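Hi everyone, thanks for making time for this. I'd like to walk you through one structure today, so let me put it up on the screen.

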Amino acid sequence: DLVITDLVMPVLNGVLLIEHLANLDPSTRIIGISGKGQGQLQRAKEAGAVGVLRKPIDRIQILNEVDRVLALRERL
């Protein structure tokens with residue numbers, strides 16, 4: 001139901017991962033996380049992420065975003 005991924009990883013580009021997952025199953029909800037800046041987060045949204053968070057992230061932020069994204073699925 002939900003994938004949370006960093007956008008900068010050693011082997012796989014997170015934006016490409018989001019595109020791949022969105023193509024496999026458009027109903028998958030994806031949250032992209034990055035400390036690299038707003039441009040990276042915007043690319044994640046364009047690739048199919050429903051939510052994005054900029055690092056550093058605290059526990060409350062991520063829980064709120066997970067709740068928000070999962071609630072979107074319930075409305076579909």
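Let me begin with what packs against the first helix, H1: the cover over its buried residues includes strand E1, strand E2, which spans 29-34, and helix H2, which spans 38-47. Before going further, please keep in mind that this is a predicted model.

So which residues of H1 are buried? They are Gly14, Val15, Leu17, Ile18 and Ala22. Looking down the axis of H1, these buried residues fall within an arc of 155°, so they line one face of the helix. Turn to the other side of H1 and you find Asn23 and Leu24, which are exposed. There is also a nice detail at the start of H1: a side-chain oxygen of Asn13 comes to within 2.7 Å of the backbone nitrogen of Val15.

Just ahead of that helix, please look at Met9. It sits in the loop that runs between strand E1 (2-6) and helix H1 (14-24). Met9 counts as partly exposed because its relative accessibility is 30%. Together with Val11, Leu12 and Leu16, Met9 forms a nonpolar patch on the surface, and the four share about 390 Å² of accessible area.

Now on to H2. Its buried residues are Gln40, Leu41, Ala44 and Ala47. These cover an arc of only 120° around the axis, which puts them on the same side of H2. Some of you will know the background here: an α-helix has 3.6 residues a turn, so residues three or four places apart point the same way. On the face of H2 turned away from the buried side, we have Gln38 and Glu46, both exposed. And what covers the buried residues of H2? The cover includes H1, E2 and strand E3, which spans 51-54. So H1 and H2 each appear in the other's list of cover, and E2 is in both lists. After H2 comes Gly48, and its phi is positive, near 130°.

Let me move to the charged pairs. How many salt bridges does a search of the whole structure find? It finds two.

One of them joins the side chains of Asp6 and Lys55, at 2.4 Å from N to O. Asp6 belongs to strand E1 and Lys55 to the loop between E3 and H3, so this pair ties together parts that are 49 residues apart in sequence. Asp6 is partly exposed, at 22% relative accessible area, and Lys55 is partly exposed as well, at 38%.

The other salt bridge is between the side chains of Glu65 and Arg68, at 2.9 Å from N to O. Here both partners lie in helix H3, three residues apart, about one turn of the helix. Are these two buried or exposed? Glu65 is buried, with a relative accessible area of 11%, whereas Arg68 is partly exposed, at 35%.

One more stop, in the loop between E3 and helix H3 (59-75), where we find Pro56. With 76% relative accessibility, Pro56 counts as exposed. If you would like to judge distances on the screen, Pro56 and Val69 are 13 residues apart in sequence and 19 Å apart in space, C-alpha to C-alpha.

To pull it together, if you remember one thing about the helices, let it be that the buried residues of H1 line one face, and those of H2 lie on the same side of their helix too. Thanks for listening, and I'm happy to go back to any view.

Note on methods
Residues are numbered from 1 along each chain as its sequence is written. This is a predicted model: local features need pLDDT of at least 70, side-chain atom pairs count only at pLDDT 80 or more; totals for chains, interfaces and linings use all residues. Side-chain values use heavy atoms; hydrogens and water are left out. Patches are made of residues with over 30% relative accessible area and no salt bridge: like charges are joined within 9 Å, nonpolar side chains (Val, Leu, Ile, Met, Phe, Trp, Tyr) within 5 Å. Accessible areas come from the Shrake-Rupley method with a 1.4 Å probe; for residues, only the protein chains shown count as cover. Helices (H or I, at least four residues) and strands (E, at least two) are DSSP runs, numbered from the N terminus. Buried means under 20% relative accessible area, exposed over 50%, partly exposed in between (1.4 Å probe, protein chains only). The arc is that of the directions from the helix axis to the C-beta atoms. Contact means heavy atoms within 4.5 Å. A polar contact is a pair of N or O atoms within 3.5 Å; within protein, one must be able to donate a hydrogen and the other to accept it, and residues adjacent in sequence count only if both atoms are side-chain atoms.
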